[in-house]
Amino acid sequence: MDVDVFDPRVFARGVPHEELRHLRDTAPVSWQDEHEVGVWPAGPGFWAVTRHADVRHVLRTPGDFSSHLGATQIRDPDPADLPFIRRMVLNMDPPEQVRLRTLVTGAFTRRRLERFAGDVARRARDALAAAVAAGRCDLPADVTDDLPLQNLCDLLGVPHADRALLKAWTDRVIGYQDPEHARVVTDAGGRPVNPRSPAQLADMFGYADELAAHKRRHPADDVLTALVQAEVDGERLTGPELQMFFFLLVVAGNDTVRSALPGAVLTLLAHPAEHARLRADPGLLPTAVEELLRLHPPVLTFRRTATRDLELGGARIAAGDKVVVYHCSANADERAFADPGRCDLARTPNDHLSFGQGPHLCLGAAFARLQMRAFLTAFLALPAPEPDGAPRRLTSNFINGITHLPLRWGKPGRAAT
Ligand code: HEM
């Protein structure tokens, strides 16, 4: 079988489960050709890690698999941009990463998250009720693209009126492989510029600086205020560290939930019996959220770089090689989950890797779960929709995005209830 799990266009047709299973069975750590895609030039290639145990191992062993050396995206950053990109906690290794992470963890207190729970639930109810009243909607465009943005604005302390900016920055960074979202900028030589380079993000950093200055003058109960006030070992965050945190939180806190919500709906529609089971027993919600995240992991892959020559899953990896873990394959690994293709909303235990593992384990997982529970509670309280056309997926080998999901509501009780 000829397997290409690099090409972002492959994922636009859905996670290539057959190909990934073939790799797990025959070449669990396999070399992938990083060929040219559209305007994007070829890269050196990478190792694709597809089994649950190996993905877990890579993520828990930062000494061998570094987030710092080549950062965490498949596409290599411009070497000139590396020092800048490495200022983000996501692109650090312990112990530096631990210093910065400790600082943000303090800003994500349970009390702060719980304070927003009421607004998160109300927003989901209102947006879905409006869609049902209209009789049809395109779920991402009409409902789920905006909910995480509004929730994130509250958490970070960004005025809601500015959320279109946050969306535009996210689309620029995440959607660059997608024909609908891409806005390719070229350099003087006509080569496309990586959207993560500082020059491409100057407007966002200017905004972050202004917001930080505002929070210093007008402290509030939000994450940005906590970040400008935070101290580790008697030191405040530097300007660039604050900018990078803002960048990370905007993208990580938005696009992932934006994928998780329609992903959960799509999964429920594909499994009517489980959908009906959840409607009959909302007490299943906590395990359902985990199973929906397992079956639709918002993050498809993350990259590391080998720090030394080593062996993994039968492959001989050389120092400096790119190593890419496939969360979407680990979550479907027959070695880790009984009958992984089955949707079982009561599945326990459920050791999915959608939030990662090890030192970089998602910092926003509690907030993401809170938003998913609120959204699904509102969704289940309304009549069940029917598909109203084919969904469309983001062209990306990083985010499992759903860009269009047309739904319609018939008479109450007509669809799966
Ligand atoms: C369903 C939603 C989400 C998913 C699936 C998700 C997934 C992930 C994954 C896989 C990582 C690990 C990255 C790595 O291994 O290099 C991560 C890290 C991170 N996530 Fe999330 N995330 C979600 C929501 C959020 C939210 C809502 C926020 C913030 C408001 C957030 C903030 C972060 C941060 C700051 C990190 C970096 C942690 C570090 O490097 O130490 N995430 N996320």
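**His360, the ligand shell and two sheets**

Guide: This is a predicted model. In it, His360 counts as buried, because it has 23 C-beta neighbours inside 10 Å.

Visitor: Where is His360 found?

Guide: In the loop between helix 17 (327–330) and helix 18.

Visitor: Leaving aside neighbours within four places in sequence, what is His360 in contact with?

Guide: Ser67 and Leu90.

Visitor: And how many residues apart in sequence are His360 and Arg101?

Guide: 259 residues. In space they are 8.6 Å apart, C-alpha to C-alpha.

Visitor: Ligand next. How many residues surround it, and which are the closest?

Guide: 28 residues surround the ligand. The closest are Gly253, Thr256, Gly356, Cys362 and Gly364.

Visitor: What is that shell like by class?

Guide: The shell has 18 nonpolar, nine polar and one charged residues.

Visitor: Which helices each supply at least two residues of the shell?

Guide: Helix 5 (96–105), helix 9 (146–156), helix 13 (239–252), helix 14 and helix 18.

Visitor: Switching to helix 15. Which of its residues are buried?

Guide: Glu274, His275 and Leu278, in a helix that spans residues 272–280. Down the helix axis they fall within an arc of 105°, so they line one face of helix 15.

Visitor: Why would residues a few places apart point the same way?

Guide: An α-helix has 3.6 residues a turn, so residues three or four places apart point the same way.

Visitor: What does the face turned away from the buried side of helix 15 carry?

Guide: The exposed residues Pro272, Ala273 and Ala280.

Visitor: And what covers the buried residues of helix 15?

Guide: The cover includes helix 14 (255–270), helix 16 (285–295) and helix 18 (365–381).

Visitor: Now sheets. In what order do the five strands of the open sheet run?

Guide: The order is 1-2-10-7-3, with mixed pairing. Strand 1 (29–32) and strand 3 (65–66) are the edge strands. Helix 3 (residues 52–60) packs on this sheet, touching strands 1, 2, 3, 7 and 10. Its direction makes about 125° with that of strand 10.

Visitor: How many bridges pair strand 7 with strand 10?

Guide: Five, in the antiparallel sense. One pair to look at: Thr305 has Lys322 in strand 10 as its bridge partner.

Visitor: What about the sheet of three strands: which order, and parallel or antiparallel?

Guide: The order is 4-14-11, and the pairing is antiparallel. Its edge strands are strand 4 (136–138) and strand 11 (386–387). Two bridges join strand 11 to strand 14 (residues 406–408). Glu386 has Arg408 in strand 14 as its bridge partner.

Technical notes. Residues are numbered from 1 along each chain as its sequence is written. This is a predicted model: local features need pLDDT of at least 70, side-chain atom pairs count only at pLDDT 80 or more; totals for chains, interfaces and linings use all residues. Two strands pair if DSSP finds at least two bridges between them. Helices (H or I, at least four residues) and strands (E, at least two) are DSSP runs, numbered from the N terminus. A residue is buried if 20 or more other C-beta atoms lie within 10 Å of its own, exposed if 12 or fewer, and partly exposed in between; C-beta atoms are placed from the backbone. The arc is that of the directions from the helix axis to the C-beta atoms. Two residues are in contact if their C-beta atoms, placed from the backbone, lie within 7 Å. A residue is near a molecule or strand if its C-beta atom, placed from the backbone, lies within 6 Å of it. Ala, Val, Leu, Ile, Met, Phe, Trp, Tyr, Cys and Pro count as nonpolar, Asp, Glu, Lys and Arg as charged, and the others, Gly among them, as polar. Axes are lines fitted to C-alpha atoms, for helices over the stretch in contact, and angles run from 0 to 180 degrees between N-to-C directions.
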